[in-house]
Amino acid sequence: MKVCLLSSVHQPFDVRIFHKEAKSLAKVGYGVILIAQSDREETVDGIKIIPLPKPKNRLERMGLLTFRCLIKALKQKANVYHFHDPELLFVGLLLKLMTKAKIIYDVHEDYAKQILSKPYLPEWTRYSIAWLVNKVEKVISRTFDAIVTATDDISNNFSYHKRIVAVRNFPVLSNFSLLNKTDNSTIFNLIYVGGLVEIRGISQVIQSLEYIQKEVKLILCGKFYPANYEEQVRSLKGFEKVEYQGWVRPQDIPAKMAQAEVGIVCFLPEPNHINALPNKLFEYLSCGLPVIASDFPLWKEIIEGNHCGICVNPLNPREIAQAIEYLMEHPDEAKQMGKSGRKAVEERYNWELEKERLIGLYKKLW
């Protein structure tokens with residue numbers, strides 16, 4: 001049974017697409033092909049990667065690149081086409097009409113809500129574009145054989161579909177272990193790993209460091225977007241307590257977390273964040289780190305319900321600082337929070353459980 005995964009947006013070794021879904025399908029016997037932006041054709045871990053050229057801009061990606069993706073997909077003559085980007089909705093529709101294959105739409109985000117926070121779109125256009133995206137997605141997705149979503153909240157958007165399953169983006173447990181701190185300095189280390197964009201609360205976290213008199217350092221890993229946001233962040237007084245390490249390969253993330261005492265994930269209350277399940281939150285927990293996170297109801301249920309961290313108002317730097325100081329002053333409690341978080345991941349929030357949902361869906365397609 002041949003499965004073809006498609007993405008015109010993500011790099012080929014994306015954690016969800018390659019390291020979780022593709023590898024899991026290959027391990028149970030599916031022949032897996034991945035079409036994604038890359039500079040060469042290769043086979044990695046039994047998965048054949050078919051390269052798409054990197055587009056010069058967003059317009060080329062959404063136009064010419066999607067057409068190339070369709071042509072390459074048709075050549076694979078797959079039994080299942082499993083695509084990962086909303087801009088491939090029409091590609092999915094054409095594959096449904098032109099082949100006898102099963103079509104799966106994998107929805108990573110609530111795209112209509114995400115559009116409401118896009119900085120490159122004029123504010124007055126965002127609601128109209130979000131409405132249009134939502135309508136197109138709903139109409140075309142009805143033709144597909146299955147919908148996979150990254151959260152239960154996103155699944156609610158497709159309640160009309162006959163076959164939908166939430167395959168949540170929880171960590172591969174074997175990639176993470178309880179950490180023994182590798183930094184022997186007396187400085188209290190925090191860590192944030194992920195996209196460095198304004199709506200993820202990076203500025204507020206750095207501002208919080210101004211209120212802390214004790215020695216503290218924020219290890220910041222990721223890529224700034226847009227580029228000029230880095231200048232804005234570096235101008236903050238709290239940045240003198242930041243160690244910026246740039247983009248980090250997924251396989252190196254556990255080693256970075258071993259340098260820290262606390263994981264930070266203080267996303268701002270944007271529409272697409274409220275019910276999100278960010279990867280890094282669960283990766284921190286997998287490593288046995290207590291977390292300081294936004295006080296969204298779903299996040300509070302996970303974090304406070306499992307006694308594994310502190311939830312704060314992400315818009316309030318002083319409140320973030322108070323949470324940091326509390327964990328600094330209560331090391332035994334912080335350590336216990338870390339252990340509780342690891343236990344919660346072992347029991348509920350891991351890919352080993354989630355992959356069974358994906359494999360179960362595939363079995364039901366025939």
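Why is the sulfur of C308 not in a bond with the closest cysteine sulfur, in C311? The legends below get to that. This is a predicted model, where local features need pLDDT of at least 70, side-chain atom pairs count only at pLDDT 80 or more, and totals for chains, interfaces and linings use all residues. Residues are numbered from 1 along each chain as its sequence is written, and side-chain values use heavy atoms, with hydrogens and water left out.

**View 1. Cysteines without a partner.** The sulfur of C308 is 8.2 Å from the one in C311, so it is too far for a bond. The count of disulfides here is 0, a disulfide being two cysteine sulfur atoms within 2.5 Å. C266 has no disulfide either, with the nearest cysteine sulfur, that of C311, 9.0 Å away. C308 is buried, at 0% relative accessible area, and C266 counts as buried because its relative accessibility is 1% (buried is under 20%, exposed over 50%, partly exposed in between, with a 1.4 Å probe and protein chains only).

**View 2. A cluster of rings.** F83, Y105, F144, F158 and Y160 are linked by ring pairs. The structure has 14 aromatic pairs, meaning Phe, Tyr or Trp rings (for Trp, the six-membered one) with centres within 6.5 Å. Over the face of Y160 sits R142, 4.1 Å from the ring centre (the cut-offs for a charge over a ring: NZ of Lys or CZ of Arg within 6 Å of the centre and within 35 degrees of the ring normal).

**View 3. I71 on its helix.** I71 belongs to helix α2, residues 58-76 (a helix is a DSSP run of H or I, at least four residues, numbered from the N terminus). I71 counts as partly exposed because its relative accessibility is 33%.

How values were computed
Phe/Tyr/Trp six-rings, centres within 6.5 Å; stacked < 30°, edge-to-face > 60°. Helix = DSSP H or I, 4+ residues; strand = E, 2+ residues; numbered from the N terminus.
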